[in-house]
Amino acid sequence: MNAPEPLSRWAQPGSSRVPFWAYTDPGLYQRELERIFYGPHWCYVGLEVEIPRTGDYKLSWVGERQVIMVRDRVAPRDRGTDHGIRVVENRCAHRGVRFCQQPHGNARSFVCPYHQWTYKLDGDLAGLPFKDGVKAVAEDGSPCVQGGMPADFDMKAHGLTKLRVEVLHGLVFATFSEAAEPLRDYLGPDVMPWLDRIFQGRQLALLGYNRQRIPGNWKLMMENIKDPYHPGLLHTWFVTFGLWRADQKSRMVMDKHGRHAVMISRRNDGGENKVVTEGVTSFKANMVLNDDRLLDVVPEPWWKVADPANPGTEIMPTVTMITLFPSVIVQQQVNSLSTRHIVPRGEGGFDFVWTHFGFADDTPEMTRRRLRQANLFGPAGFVSADDGEVIEFSQDGFRQWGEEGQTICELGGTGTGGTEHMVTETLIRSMYAYWRKVMDA
Ligand SMILES: [Fe+2]
């Protein structure tokens, strides 16, 4: 079958109908890797607290390319200006070997196992065996040199691929692109206050990881977290125990491009509100928790902030879900905090890596509380297991269809822009408006 050129197929204006092929076309997915993940966008790679000592490293991903996030030595004169975090590709310059296999570790240098090419922590090539050949004796008895690299072989030109790195409040981002704007500009002034609220001036504490592979297109995860329509309908747990209901106070914020977003909300007291729970089949009025420590929510002082949108007033959200295009979600759900890293794996799947964290000055009780509440999330979480499953069902639906299928994304209209309620799909439309621009669709 001769498929038309993928990007000319999105004929209609706007972004309120997304064609199914946007999730299933392998050629389009390759273009997404080039233009989005390897293009002028900042991708999340990890938290600074994961690599506290010099030489500590962690394997991570930018798109499908594996990278190493490592803490390098910092020269005394550069202290204060150099954060010391390097991100290099896990690919030997010699034969392309993915030389580092340990997910976490500490290294003085990186050595490829195949021919022992050795790299400094910043990715510079430090040495390689037999570079200057092997000393031998010629047939006439005179000393000679056998082999070796050409005399003009430039060590400096054959290090590991180094990515640009920026660290914001302990979050580490990297990009392959020289064209990406500075990170704070990339995130923008509308999203920044919500990152400041969680991270600014705080030392993080690493609590643990979950990982899962979800058989759906990576964009579906971004959509899921930009979608305030579903939580009060899909998630029995949320609705029944009062963590999310369609009538609670909410705000949808986005950057000027529509690519990043924040869903900000304040939980209600749970139980029944006839207007919004009637007909919601996931609402179970008589369901109770055997262990109610899961909902032992304790408000924290940092929750309350000056309202960036209304000077002179304060707000105290219990939920902020921040989607930073294209690679990470930063979650605050009551006392549970995590980053969720999206690692694409072909057009029909992605790895989803959850890093749960707290703060260095948390009491042991608060740490236990955060860990307990983390059971709502992750691959088998009381809430998030639902999302993984419907994403799989979505992809299954798209696959069954031909060229004509498309999603409908028109709750709250067909336009883009922020709102002061959650009965809207505006954040999804906004992301696809940006996506169409980047992809020339
Ligand atoms: Fe959800």
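The site of the iron ion is irregular, with angles of 55 to 147° among its 4 donor atoms. Here, donors are N, O and S atoms within 2.8 Å of the metal (3.2 Å for Na, K and Ca), and sites may look incomplete because water is not among the atoms. Four donors count as tetrahedral if all angles lie between 85 and 135 degrees; four count as square planar and six as octahedral if opposite donors are over 155 degrees apart and all others between 65 and 115; anything else is irregular. The model is predicted, so local features need pLDDT of at least 70 and side-chain atom pairs pLDDT 80 or more, while totals for chains, interfaces and linings use all residues. Residues are numbered from 1 along each chain as its sequence is written, and side-chain values use heavy atoms, without hydrogens and water.

The iron ion is held at 2.0 to 2.6 Å by His-230 (NE2), His-235 (NE2) and, listed twice, Asp-387 (OD). In sequence, these donor residues follow the spacing H-x4-H-x151-D. His-230 and Asp-387, 157 residues apart, link distant parts of the chain: the former sits in the loop between α5 (218–225) and α6 (231–234), the latter in helix α10 (residues 384–399). Helices are DSSP runs (H or I, at least four residues), as are strands (E, at least two), numbered from the N terminus. Both His-230 and Asp-387 are buried, meaning under 20% relative accessible area, with exposed over 50% and partly exposed in between (1.4 Å probe, protein chains only).
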